[in-house]
Amino acid sequence: MGSEERSVTVRGDSGQTNVNTTPWRKGSSRPTKGLFRRTPVRISRNLNTGFKSPLLSPGTPRSSRVDQVSLREDIEELKGRREELSTQIALLEAEGYSVEELDQHIDQLHEYNDIKDVGQMLLGRLATIRGVTTKDLYGEFGLELED
């Protein structure tokens with residue numbers, strides 16, 4: 001076949017339509033299913049290779065000494081933070097607090113915040129319905145702005 005276009009008849013819901021398509025290249029196989037296949041039926045070897053970042057190419061010199069120094073600094077900082085937290089836990093336990101009590105307190109704070117959020121949402125909707133600001137409703141219901 002030459003480089004001229006060929007006409008293909010396609011049958012659809014609205015009847016038959018002639019569609020011009022580009023010709024097949026020499027040496028390429030014709031599709032077995034459908035007339036509009038454009039890509040050859042072969043598996044590319046590049047599909048399963050890993051992504052290579054342009055920022056870190058294999059030839060990029062790395063300063064392992066700087067990396068090791070920064071890692072050691074990070075480790076020392078984390079060890080210091082762990083010691084600080086251990087001290088705080090020991091102080092709380094010495095004051096009579098238990099882990100279970102603190103967990104219960106945290107759960108109650110979460111519940112309080114959820115209820116407060118629902119209240120804020122209701123105040124916002126009521127303010128919208130009445131055409132006033134939420135701040136105006138605070139005074140009407142005897143609420144403080146910090147509540």
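So, how many salt bridges does the count come to? Two, taking a salt bridge as a side-chain nitrogen of Lys or Arg within 4 Å of a carboxyl oxygen of Asp or Glu.

Quick caveats: this is a predicted model, where local features need pLDDT of at least 70, side-chain atom pairs count only at pLDDT 80 or more, and totals for chains, interfaces and linings use all residues. Residues are numbered from 1 along each chain as its sequence is written, and side-chain values use heavy atoms, leaving out hydrogens and water.

One salt bridge joins R81 and E84, with the closest N and O atoms 3.0 Å apart. Because these two are three residues apart in helix α1 (residues 64-94), about one helical turn separates R81 from E84. Helices here are DSSP runs of H or I, at least four residues, numbered from the N terminus.

Okay, on to α2. Its 32 residues should span 46 Å at 1.5 Å a residue (times one less than the number of residues), and the end C-alpha atoms are 47 Å apart, which agrees. D117 lies in this helix, residues 99-130. After α2 comes G131, with a positive phi near 75°.
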